[in-house]
There are 2 protein chains.
Amino acid sequence: MRDEFALIHLLTQYRPSPPPSVEVDVGDDAAVVHPLNRSLVITSDTMIETVHFLPETMNPADIGWKLAAANISDIAAMGGLPRYGVVSLSVPRHWEMNALVDLYRGMYDLADRFGLVIVGGDTVKAPHDLTVTLTVIGEVEGGQALKRSAAREGDVVFLTGTVGDSSAGLHVLLNGNDGTKKRFSDLIRAHRRPIPQVAAGRLLLSLNAGAAANDISDGLAQECWEIAEASGVRIVLEKDRIPLSDALVDYASQTGYDPYEWALYGGEDFQLVGCVPEAEFARLEQTAHNEGVTLYRIGWTEQGKPAVEWVTDQGRTLLERRGYNHFTDG
Amino acid sequence: MRDEFALIHLLTQYRPSPPPSVEVDVGDDAAVVHPLNRSLVITSDTMIETVHFLPETMNPADIGWKLAAANISDIAAMGGLPRYGVVSLSVPRHWEMNALVDLYRGMYDLADRFGLVIVGGDTVKAPHDLTVTLTVIGEVEGGQALKRSAAREGDVVFLTGTVGDSSAGLHVLLNGNDGTKKRFSDLIRAHRRPIPQVAAGRLLLSLNAGAAANDISDGLAQECWEIAEASGVRIVLEKDRIPLSDALVDYASQTGYDPYEWALYGGEDFQLVGCVPEAEFARLEQTAHNEGVTLYRIGWTEQGKPAVEWVTDQGRTLLERRGYNHFTDG
């Protein structure tokens, strides 16, 4: 390629048109966007070749999609709306230009569905592995963000959808034959093309029910530990209430795996796990239902040393504080 | 290290206290900051081990400082004020914890001088090389950002300080003996600890003189080419007006190098190069002088095919459109 400018031109060819709120777009020292009337929510996520994806698990467009999903999901977990993003791409020699264009296209595809505009970034060469960082700025009503420290004793703990599908999908990709991959394409899709729960986050915030929330990026157990520690409560999860997809149950049964290992420790599902006072839950559940969002009650909070417990037929046990933590795994 | 939380705790131990405008700080899914009354300026820069620094050229604290400088400089080049940042760190096994803490400390040191608060980010493991991305959000008066497309025929072209020192400093670090390094410590400091020109950018904006500006991240020639192309003007630089430091001239003389190679193509000086109408320049220069900022007139703009020319005793020649472009070098 001629230089960085030619690269940027190619990478941005499928970029949707920016709205009028973008004052200075891609191509200057920095982007300038119009003021917002609400607080800003800022988050950043990185994906690295060999650590977060392999050629056999993710197509380039999936990588871009998933990076956008991870960032949008963090904004959703604060109850915010994603607005502006900048991407930083570090490219080694072995990546072809059309693969990079596909990566950006996947990122634009998901971003566009949620009103997120990519307004700039940086491209540099990398010595070994492709690394891509997306930083997203969202907006939220001042003082109303859904903090993980907001859970209180006597809350209901709930999920916005099934968990474990993404990591089961990764397992299919790494271990399944063609027939298995075809049969469990929903799990593969959950791994490659997760959908962040922005509408659910907005709903939790709008009902002003004092909800705490985290998105499931590192696994249900880990996210609940974070809420428990930040809020100073004990979280108790009921095994028989955890929502599992039929595909996950089928695949676990076929392979002899415990589906709850994926559900608790799998990560990257990008559902929200939240806590609201018991007195608020019925109203919340009904309003959510009316708007097409299902909330699954999965447990409760109580007084005690911050921790996460697990209730089964055999009684209560402590859940390990581990998850899908790329930094310490592997 | 125990896990990512322990890592974050260690890395942020030297972080200055955040101001009250930080509503939700480091430690939740995303940071939340108070609304701004002006437009947002957003920029991102990445530094990678072996591409942007080597152990023998930069200490960890220098890397953090320089990454902050590169981002703040982009905000300065838009006439803005840096406000909030998020950092994404990818760490390979061979990096020691105290080196990472030093990197963050260097970043905090420079950020704090300019009112930039680091409010979050992401840490992941890297298979080979340390990669660190900083994204900075600044603010600027709506519609007044200093665009590189604002230069017009008949402008004065000016610089805010000497250029070439940073790349000459790199040359000292890679080639000099201990005596040379001691003698040319100012050049080494220019490479390791550059100071972004926020005050100069604010001044250019406040005088409302219709200035165009770029920061010198990729070399004076390259930055002038960008202004010329974005504005549709021809830029003519006068060799004998380019400000060179005494140290640069001495070091070039001692080593037999052409100091203008560093001045034109060296990069990472983080001075600003700007263009204002001839009728505005005297007022601008005087006001700048009163505020302790020196502006060096280095050339002019004229009608013609966008390009950058160089005037010497031998006449006019075209300057190459190349610079300190990490992506295509090496």
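**Exercise 1. Charge in chain A**
In this predicted model, how many positive and negative side chains does chain A have, and how far apart do the centres of the two sets lie?

*Solution.* Start with the counts: chain A carries 28 positive and 46 negative side chains. Next, take the centre of each set. The two centres lie 1 Å apart.

**Exercise 2. Overall form of chain A**
What radius of gyration would a compact globule of 330 residues have, and what does chain A have?

*Solution.* Step one: the expected value for 330 residues is near 20 Å. Step two: the value for chain A is 20 Å, so chain A agrees with a compact globule. Step three: add the dimensions. Along the principal axes, the C-alpha atoms occupy a box of roughly 65 × 50 × 35 Å.

**Exercise 3. Elements, burial and contacts**
Which share of the residues in chain A is buried, and which share of the contacts joins residues at least 24 apart?

*Solution.* First, the elements: chain A has 11 helices and 13 strands. Second, burial. Under 20% relative accessible area counts as buried, and 62% of the 330 residues in chain A are buried. Third, contacts. Take those between residues at least 6 apart in sequence; 84% of them join residues at least 24 apart. Last, the surface: about 12,500 Å² of chain A is exposed, with 46% supplied by carbon and sulfur atoms.

**Exercise 4. Relation of the two chains**
What rotation and shift superpose chain B on chain A?

*Solution.* The operation is a rotation of 180° with 0.0 Å of shift along its axis, at an RMSD of 0.0 Å. Therefore the relation is that of a two-fold axis. Now check the interface. Of the interface residues of chain B, 100% are also interface residues in chain A, so the copies meet through the same surface.

Notes. Residues numbered from 1 in each chain as written. Chains lettered and ligands numbered in written order. Predicted model: local features only at pLDDT ≥ 70, side-chain atom pairs only at ≥ 80, totals over all residues. Heavy atoms only, no water. Helix = DSSP H or I, 4+ residues; strand = E, 2+ residues; numbered from the N terminus. Rg over C-alpha atoms; globule rule 2.2 N^0.38 Å. Buried < 20%, exposed > 50% of the residue type's maximum accessible area, 1.4 Å probe, protein only. Contact = heavy atoms within 4.5 Å. Areas by Shrake-Rupley, 256 points an atom, 1.4 Å probe, with all protein chains shown as cover. Lys, Arg positive; Asp, Glu negative; His and termini not counted. Charge placed at Lys NZ, Arg CZ, Asp CG, Glu CD. Least-squares fit on C-alpha atoms with pLDDT ≥ 70 in both.
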